[in-house]
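Trainee: I have a model open and would like to take a close look at one part of it with you. Could you walk me through that part and then show me how the rest fits around it?

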Amino acid sequence: MATGRGWILQQHSLGLAWAAAAPQRLAPPALPSRSPLSSAAPPPGPDRGSFALSKRSGIFTAMSAKLSETQNICIQRHYQKTSMKSKSCPCIESMPSEILLKIFSYLDAVSLLCIGCVNKRFYHLASDNVIWFKIYSSFFPPKRTNWKTNSVEKTAVLLSHAMIQDRELGYWKNEYIMKQIAAGKTRIIQLLKPINPYTGLPLKTKEAIKTCSLNWVIVLKDRNGKEHVMEQVDISFNDTSVTVFWYGTNWPCLDTLSTLELCGVTPLLLDQCKVPPKNGPRRRSLIAEFNLTNLTKVTTMIGSDMLVQLFHLNPGLLVGLWKKGNGIAFVTASLHHHQLIERSTLGSATMLKEHFIWRRQYILPPHKPILDDVDPEYGLHGYQLHIDMHSGGHTYMCGTFRNLFCRKDYIQNGYLRLTVISLKNNSQHLPLAGKVGFFWRTDVFKGSIQNCYMMDVTLLDETEKPFWCFSAPVYMKLSSKASCLYDYMGQNYDLNYVDSEGKVHIELVWVEETKEYYIVNLVLYLSTEKVNRWFGTKY
């Protein structure tokens with residue numbers, strides 16, 4: 001004990017002498033003053049003996065008091081710089097490019113694309129042609145058999161380092177990405193070849209959606225141009241359509257929003273052996289754009305319950321608003337299977353023109369009419385209708401109607417009339433199964449809005465090709481006309497849908513005894529302009 005105390009006093013004396021001889025020189029940091037009666041535990045380290053002495057005699061406290069305030073500040077700064085240098089570690093951004101290229105050479109294609117988004121230097125390094133040529137050669141080996149390559153490294157030797165680097169930066173990266181996209185499209189086209197004879201649509205649309213890892217997002221834009229991207233929460237596969245749901249608690253304020261964009265999203269690179277990463281590089285394809293300005297004043301409300309109000313935006317979008325607070329509760333989109341994969345993957349996400357960013361939807365290829373000079377009623381017969389009414393996984397009615405026709409006398413006001421279910425033929429009347437309503441849900445609440453549901457219409461021409469297809473929310477409202485049917489005693493309802501290509505009119509009767517709706521009249525009205533353009537006629 002005596003030896004330790006003597007050593008401490010000797011060190012203290014040397015410290016005082018050093019401070020007196022060089023007052024401007026930086027000194028070791030002063031220990032914090034403590035009361036001799038302090039009961040706090042000593043800090044860990046090699047100076048526990050000196051700390052114990054300060055509790056007894058307060059010698060170090062006196063030493064720190066003798067130093068001027070300026071010296072204490074200098075000592076503290078010197079101590080902070082020393083501690084920061086001791087804790088600092090080498091940063092990856094400060095590494096030489098050769099080392100970074102070696103590290104990047106062990107990454108896969110998706111990781112390289114992600115790391116290229118860090119900064120400009122990483123982007124150039126992650127686009128190195130040598131790295132991407134090895135990846136390209138591993139996935140797309142050369143077709144020339146005389147090469148007889150056994151590994152990726154041997155393939156790279158055949159093309160000299162100079163020949164690979166002579167290409168512009170990122171050449172092999174772009175080649176790899178384009179070939180991967182083309183290979184993915186080929187797989188999807190093979191899946192979409194089988195056709196359903198009842199609907200005239202691809203039979204394996206659901207499998208194709210899962211194969212290309214297709215999802216849908218909505219992009220909400222406020223008046224300042226800020227984007228809020230909402231990922232899909234749930235999806236429902238129907239007979240001829242897909243219903244996508246978005247809900248949550250992080251919706252932006254509706255009053256600040258200007259537009260809503262519905263986009264299909266697919267991974268940039270498809271790997272059948274791996275699940276695509278959620279935060280990996282993706283492509284966005286614009287499907288439709290909606291205006292949200294003055295939504296509650298301009299858009300028609302098609303239904304409500306105790307919690308939400310339902311607003312319909314063409315085509316096929318439903319926006320649910322809370323009754324209290326007028327905030328967004330959920331968004332639902334109904335997407336018809338016809339050309340769904342093309343519309344969700346081939347639209348342009350962003351295009352630059354004259355320094356302005358704009359978006360373009362996928363445009364269907366133009367239809368070439370097949371002329372027929374023999375049939376005087378060409379384009380008026382041979383139609384086939386497939387109709388599906390559903391909501392939340394519940395199917396209310398699904399049926400196929402063949403041999404629909406229109407006489408020339410029925411062409412009026414620019415429309416061809418196709419009678420599907422006749423009002424006077426009781427044998428054609430069909431019931432709606434179950435309790436009709438639109439089922440909605442959020443993270444906390446769920447409910448049903450009566451007399452609203454989704455309706456999918458697929459009309460084929462006489463060659464069984466899709467002529468008119470849509471999937472949209474519809475609602476039934478009480479009819480103002482008196483019923484002329486004596487077989488049904490109950491309230492009458494009307495359902496109407498209109499777009500640029502045609503109209504749908506449905507009449508229903510509520511039967512109180514069986515608690516069911518019966519469809520007693522179903523008529524399609526086709527635009528003569530669409531018919532003439534499709535068949536090359538002049539009706």
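In the hairpin of strand 8 and strand 9, which residue takes a positive phi, and how many residues lie between the strands?

Mentor: Happy to. Keep in mind that this is a predicted model. The residue you are after is Gly316, with a positive phi near 70°, and the hairpin has three residues between strand 8 and strand 9. The two strands, with strand 9 covering residues 317-322, pair in the antiparallel sense over six bridges. For a landmark within that pairing, take Leu310, which stands opposite Gly320 in strand 9.

Now look at what strand 8 does on its other side. Strand 7 (residues 301-304) also pairs with strand 8 in the antiparallel sense, over three bridges. Leu310 turns up here again, as the bridge partner of Gly303. This pair forms a hairpin too, with three residues between strand 7 and strand 8. Strand 8 therefore has strand 7 and strand 9 as antiparallel partners, and because five of its six residues (308-313) are buried, strand 8 is largely enclosed by the rest of the structure. When you inspect the side chains, remember that in a regular strand they alternate between the two faces of the sheet.

Another hairpin is worth setting beside these. Strand 1 (residues 215-222) and strand 2 (residues 227-231) pair in the antiparallel sense over five bridges, and Leu220 has His228 in strand 2 as its bridge partner. Four residues lie between strand 1 and strand 2, and Gly225 in the turn has a positive phi of about 90°.

Two threonines make good stops on the way out. Thr205 is found in helix 12 (residues 205-211). Its relative accessibility is 3%, so Thr205 counts as buried. Apart from neighbours within four places in sequence, Thr205 is in contact with Leu192 and His337. Thr400 sits in strand 14 (residues 394-404), and because its relative accessibility is 29%, Thr400 counts as partly exposed. Leaving out residues up to four places away in sequence, Thr400 touches Tyr198, Gln384, Leu385 and His386. One of these, Leu385, is 15 residues from Thr400 along the chain, with 5.6 Å between their C-alpha atoms.

Next, the largest pocket, which holds about 1,400 Å³ of space. It is lined by 47 residues, and the closest to its centre are His338, Arg343, Leu364, Cys469 and Glu501. The elements giving two or more residues to this lining are strand 6 (282-291), strand 10 (328-336), helix 14 (340-345), strand 20 (466-475), strand 22 (492-499) and helix 15 (528-535). Strand 20 gives the most, with seven residues. By residue type, the lining divides into 26 nonpolar, 13 polar and eight charged.

Finally, step back to the whole protein. There are 15 helices and 24 strands, and 40% of the 539 residues count as buried. Among contacts with a separation of 6 or more, 59% are between residues 24 or more positions apart. The protein exposes about 31,400 Å², and carbon and sulfur atoms supply 55% of that area.

Definitions and conventions
Residues numbered from 1 in each chain as written. Predicted model: local features only at pLDDT ≥ 70, side-chain atom pairs only at ≥ 80, totals over all residues. Heavy atoms only, no water. Pairing = 2+ DSSP bridges. 1 Å grid on protein atoms, 1.4 Å probe; cavity = no way out; pocket = protein on both sides within 12 Å on 5 of 7 lines; lining within 4 Å. Points joined across faces, edges and corners; volume = space filled by probe spheres on them. Nonpolar A, V, L, I, M, F, W, Y, C, P; charged D, E, K, R; others polar. Buried < 20%, exposed > 50% of the residue type's maximum accessible area, 1.4 Å probe, protein only. Contact = heavy atoms within 4.5 Å. Areas by Shrake-Rupley, 256 points an atom, 1.4 Å probe, with all protein chains shown as cover.
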